[in-house]
Amino acid sequence: MVEVPQTDEGWYMLHDFRQIDWDAWRNAPEQKRERAARAGREYLASHESAADSPDGEGTSAVFSIIGHKADLMIVHLRPTLDLLSKAERQFERTALAEFTTQPTSYVSVTEVSGYVSDDYFKGDEINEGLRQYIEGKLKPEIPDDEYACFYPMSKRRGEEHNWYTLPFEERAEMMSGHGATGKQYAGDIDQIIASSIGFDDHEWGVTLFAEDPVKIKDIVYEMRFDEATSKYGEFPGFYIGRRFPPEDLLAYLNG
Amino acid sequence: MVEVPQTDEGWYMLHDFRQIDWDAWRNAPEQKRERAARAGREYLASHESAADSPDGEGTSAVFSIIGHKADLMIVHLRPTLDLLSKAERQFERTALAEFTTQPTSYVSVTEVSGYVSDDYFKGDEINEGLRQYIEGKLKPEIPDDEYACFYPMSKRRGEEHNWYTLPFEERAEMMSGHGATGKQYAGDIDQIIASSIGFDDHEWGVTLFAEDPVKIKDIVYEMRFDEATSKYGEFPGFYIGRRFPPEDLLAYLNG
Amino acid sequence: MVEVPQTDEGWYMLHDFRQIDWDAWRNAPEQKRERAARAGREYLASHESAADSPDGEGTSAVFSIIGHKADLMIVHLRPTLDLLSKAERQFERTALAEFTTQPTSYVSVTEVSGYVSDDYFKGDEINEGLRQYIEGKLKPEIPDDEYACFYPMSKRRGEEHNWYTLPFEERAEMMSGHGATGKQYAGDIDQIIASSIGFDDHEWGVTLFAEDPVKIKDIVYEMRFDEATSKYGEFPGFYIGRRFPPEDLLAYLNG
Amino acid sequence: MVEVPQTDEGWYMLHDFRQIDWDAWRNAPEQKRERAARAGREYLASHESAADSPDGEGTSAVFSIIGHKADLMIVHLRPTLDLLSKAERQFERTALAEFTTQPTSYVSVTEVSGYVSDDYFKGDEINEGLRQYIEGKLKPEIPDDEYACFYPMSKRRGEEHNWYTLPFEERAEMMSGHGATGKQYAGDIDQIIASSIGFDDHEWGVTLFAEDPVKIKDIVYEMRFDEATSKYGEFPGFYIGRRFPPEDLLAYLNG
Amino acid sequence: MVEVPQTDEGWYMLHDFRQIDWDAWRNAPEQKRERAARAGREYLASHESAADSPDGEGTSAVFSIIGHKADLMIVHLRPTLDLLSKAERQFERTALAEFTTQPTSYVSVTEVSGYVSDDYFKGDEINEGLRQYIEGKLKPEIPDDEYACFYPMSKRRGEEHNWYTLPFEERAEMMSGHGATGKQYAGDIDQIIASSIGFDDHEWGVTLFAEDPVKIKDIVYEMRFDEATSKYGEFPGFYIGRRFPPEDLLAYLNG
């Protein structure tokens, strides 16, 4: 058997997509809409501050999604799966939930791997900079006021091109080339990488953040030419949205 | 024709997934919700004790599922398919069912095969330890208080890589390597393997149990590099959840 | 062009799957449920006796299906497509139909082919035994009191392995090996084979019958290793159920 | 680039599939059902006579479809896309439409190509027989009182077998062999071939007509062994139905 | 890594598809229908003039779509993603929205690439003609009174034929051949090309415009034989429709 990369894991992650029932919203009396928006705002604000989490560990954010696939993407990062499950069910208790359905979702856990962080896994003492870098990957903050793109991803196991039968070195080299492409976007693009293997239908969930959405298109397009992606990446779909603060929820819902 | 592995079968297995109609739940009067939860709790408790089964053979358990694909996964193991059918229909008679739909399900039968249990199939007398091991596979208990992952699985019949045209020895060797990976997780991971060939849309249903959900991710990821999986495994989707005792149903439903 | 097998056809076949609206059933007054069950029972009984068919030709049966894909599978065999269409629409006229939806269905015609019945197609006089054998394939009875498995099937036209470009002899030899596997299950398994090419989305519909559902799993599993199947069979899904007499309909619906 | 076949086009074609809401139909008062059937009958009769079309160009027909995928298939042939759009919307204005949904549809335009009608494209004067033959392909009549089968079709662009990279002569030769198979069914099978490339999700829509539905199965099965089909044909699904005159609509709806 | 083409981007683009709830429309009182149509007309007119956009940058148009996949396609081009999101939500505020659902949509951004516009990317001063050509691609007008075809498109990453592993020159040469085919349709076909990589489920969205819909079929068919398409193009589906001015909305809805 080929060598399996070492991994370390951090917070569990739920991408909770919601569609607005616009007919119900349009027809609801103003008082009901305001009550729903207030309940949604309070839910979002308290989850952004992780008030639901012991020691306040974790973070959440809400994004408006363009197109028919969803209207809202609520992202939760928490130290346990139970807190994600609770966050999902607590949303259903709000007066806002009555105006929403849940067309899709994604469950994952933040991950660093031995491909790209080999020093970290060598067992030696690591320096503070690396420690903080890893911590930022495993317990990430969600960047403010930015566009976000979410997509699930798997590595191909085709009859000829099969990621999982390649020698470790070959995989590590491709991941390193992939990382080099990514570094050209430092400052323009932030990302959260989380593994969903055993948790959801694909292998990873990737969330990209940028001030300029064209940068998101650029990095995904450029990386498509990386061998790690061109030969081995599978991408069932993409979601594009924009973060907004909970207090803008009513304005968003009113168009 | 290549050699077919011998198999032995035990209990039939139904994974019955349910989605909660949260709008109906939120809007129902408290009395109705309590009656529904009580009916659900009684259904679950009586099925966990297999009160529906002659001689009390079989077992059941309920899990909360994270994400949009389901809210509850009720697992039934019973000596006959009829008892599964009855369990499924009895659920529909409860006051809880009014708050649920059934987005998916899976029908299978527990199985041991000659790949991994060859002594058992040689026809000689088997010792008590092996007998108990096999019995534990065919009439399994469901581990308490743990996370669970369910996924269907088929063996690839690709144009080049085709599990079903390989010589028995090659398949047995790969299954043995696969088993060796699994043994590294002894104590961390329990599993129930059941065949669904002729019963449902894929070939097997696998249910994994662990105290730590990261162990589930770890074993599924590590096994993906086993040749039996990397070249021959097909996995249409994964469900992750957490077992809860029937008496916690109302608390679960209330968030 | 490679040689096309000769075929002969018999009765048309409709697998009409129905889902019960359990919420409506649960909430309906007892009188309405009884009226619906009586109407369903009469529909099923009269169709089992082919009272709808000129000369009484044909047969029908009803099966309970386990899992979310359907609750009932009503199988009709009739000498014309029009009688199938009429049977489908007559069901919609019953008071039971109000409690059902039709999630799927399958249209086919019973078929024997020159692969396996070459004597029959040689144009010579055939003996009475063969005549009865063929008649039993083309105008089959539905076995009593048994489990049934239905699945559609197509022959692969892959880039490398393509059933339809193989010489006739090679196909006939594989079909013969396939038949030999089947003969080992004589007494345990009955089957109805019907072609759906030009009628529905796959090429054949197969219905297996057995007293012991494990035999169904066994034969489908064992045949998967036959070259005709391992290299050339495609199986989009399986349904497993159990026949019941029309007079048990109310008991079935009541759990 | 390989040579592209010349084509000529005639009438635009809409296959408009409708499902009956049988619950609504069953529960509607008789007067409402009769009004709906009368409105449907008038719509169908006036469209069969192309009363909606300038100069009365075009034709329509209605078929009952067996199985869950649809109940009615209304086929319209018209000289412009706008007339198809209008026919689709005019149906929605009828009292019958309230009892229907539109599960699927297909948009195409009748086509002859240089593969099979090379004389026609050579630019020389063509004789009257050929002119009438082509006219019959481009502005076809719909055969009376017959069974019909509709299916979309595309030519494979696989990694190895790619229709669109073959030399023209090779494609023409295969199409000619395909045509020879078809000619054996002259008198038994009629067909309308229409291109949907750029108009709908597959490349062509094929509608076959026969007095005996087994002939439809036979020709589709036999052609599957033609190289043009075995290596290059892709068929996402088939619909089988039977034409009825508009005045039989109420009888059809009443079972 | 192979060379990545340079790109420049212009306006963001939303294809917003809507289905009419014809039952609701048919049953609504005339006054309500007129109010809805008026609201829809005002929405469409104000968006066609980009009254929602700072400096009036952008444009919109509405098309009637034939078949079950949609009834209306509203196309918006705007300088920011936020304006698209706002346009989508503003539609939901209209009285027309109550009669519609949103079956699908597509998010993209207009793009020119170094494959076909290499002079533009060389960094030298460009002449006014080229500048205007590029501007017309990035901030396009929507042609009047014409048929339109929309389709998403991706480049194949197959095991053998993989666009993203080809050398730049090979890709550029194929794109040039592709462009040469397109030029033969100058005057007959206009197009808007927009990238959706990272924004939606496929890589590009193509919108074609023509006075004669057969020209749309012709160009898509002819291009299918271009190597860039025959080996490397993937096309999940096509939509065909016809532009109409907002003031015709009520007439359209009334059949």
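**Salt bridges, interfaces and symmetry**

Glu227(E) has a relative accessible area of 38% and therefore counts as partly exposed. This value, like every other one below, was computed from a predicted model. The side chain of Glu227(E) forms a salt bridge with that of Lys231(E), with 3.1 Å from N to O, and Lys231(E), at 21% relative accessibility, is partly exposed as well. Elsewhere, salt bridges with shared partners link Asp16(A), Arg18(A), Glu92(A), Asp23(B) and Arg26(B) into one network.

Over all chains, the structure contains 110 salt bridges. One of them is found in chain B, where the side chains of Glu48(B) and Arg243(B) meet with 3.2 Å from N to O. Glu48(B) belongs to helix 2 of chain B, residues 30-48, while Arg243(B) belongs to strand 10 of chain B, so this pair ties together parts that lie 195 residues apart in sequence. How far is each partner exposed or buried? Glu48(B) has a relative accessibility of 22% and is therefore classed as partly exposed, whereas Arg243(B), with a relative accessible area of 10%, is buried.

Chain E offers a further salt bridge that ties parts of one chain together, for the side chains of Lys139(E) and Glu57(E) meet with 3.2 Å from N to O. Here both partners sit in loops: Lys139(E) is in the one between helix 5 (128-138) and strand 6 (147-155) of chain E, and Glu57(E) is in the one between helix 2 (30-48) and strand 2 (59-65) of chain E, so that the pair connects parts 82 residues apart in sequence. Lys139(E) is partly exposed, at 33% relative accessibility, and Glu57(E) is also partly exposed, at 27%.

From pairs within a chain we can turn to the places where chains meet. At the interface of chain B and chain A, 45 residues of chain B are in contact with 44 residues of chain A. About 3800 Å² is buried between these two chains, and carbon and sulfur atoms give 55% of that area. On the side of chain B, the residues that lose the most area to chain A are Lys217(B), Tyr221(B) and Phe225(B), which together account for 21% of what that side buries.

Charged and polar pairs also span this interface. There are 7 salt bridges between chain B and chain A, and the side chains of Lys69(B) and Asp200(A) meet in a salt bridge with 3.5 Å from N to O. The residue pairs in polar contact between the two chains, counted where both residues have pLDDT 80 or more, number 24. Several elements of chain B each supply at least two residues to the side that touches chain A, among them helix 1 (22-27), strand 2 (59-65), strand 6 (147-155) and helix 7 (213-224). Helix 7 of chain B supplies the largest share of that side, with 9 residues. By type, the residues on the side of chain B that touches chain A comprise 17 nonpolar, 13 polar and 15 charged.

The next interface is that of chain C and chain B, where 45 residues of chain C and 44 residues of chain B take part in the contact. The area that chain C and chain B bury between them is about 3800 Å², with 55% of it on carbon and sulfur atoms. Lys217(C), Tyr221(C) and Phe225(C) are the residues of chain C that lose the most area to chain B, and together they make up 21% of what that side buries. Across this interface there are 7 salt bridges, and Glu9(B) and Lys217(C) join their side chains in a salt bridge with 2.6 Å from N to O.

How are the copies arranged relative to one another? A turn of 72 degrees, with a shift of 0.0 Å along the axis, lays chain B on chain A with an RMSD of 0.0 Å. The two copies are thus related as by a five-fold rotation axis. Within chain B, Glu159(B) comes closest to the rotation axis, its C-alpha being at 6.7 Å. The copies use different surfaces, since 4% of the contact residues of chain B recur in chain A.

A rotation of 72 degrees, with 0.0 Å of shift along its axis, likewise superposes chain C on chain B with an RMSD of 0.0 Å. In chain C, the C-alpha nearest the axis belongs to Glu159(C), at 6.7 Å. Some pairs of chains do not touch: chain B and chain D have no contact, and their closest C-alpha atoms are 12 Å apart, while chain C and chain E also have no contact, with their closest C-alpha atoms 12 Å apart.

Methods. Residues are numbered from 1 along each chain as its sequence is written. Chains are lettered from A and ligands numbered from 1 in the order in which they are written. This is a predicted model: local features need pLDDT of at least 70, side-chain atom pairs count only at pLDDT 80 or more; totals for chains, interfaces and linings use all residues. Side-chain values use heavy atoms; hydrogens and water are left out. Contact means heavy atoms within 4.5 Å. Buried area is the accessible area (1.4 Å probe) that two parts lose on being put together, summed over both. A salt bridge is a side-chain nitrogen of Lys or Arg within 4 Å of a carboxyl oxygen of Asp or Glu. A polar contact is a pair of N or O atoms within 3.5 Å; within protein, one must be able to donate a hydrogen and the other to accept it, and residues adjacent in sequence count only if both atoms are side-chain atoms. Helices (H or I, at least four residues) and strands (E, at least two) are DSSP runs, numbered from the N terminus. Ala, Val, Leu, Ile, Met, Phe, Trp, Tyr, Cys and Pro count as nonpolar, Asp, Glu, Lys and Arg as charged, and the others, Gly among them, as polar. Copies are superposed by least squares on the C-alpha atoms of residues with pLDDT of at least 70 in both. Buried means under 20% relative accessible area, exposed over 50%, partly exposed in between (1.4 Å probe, protein chains only).
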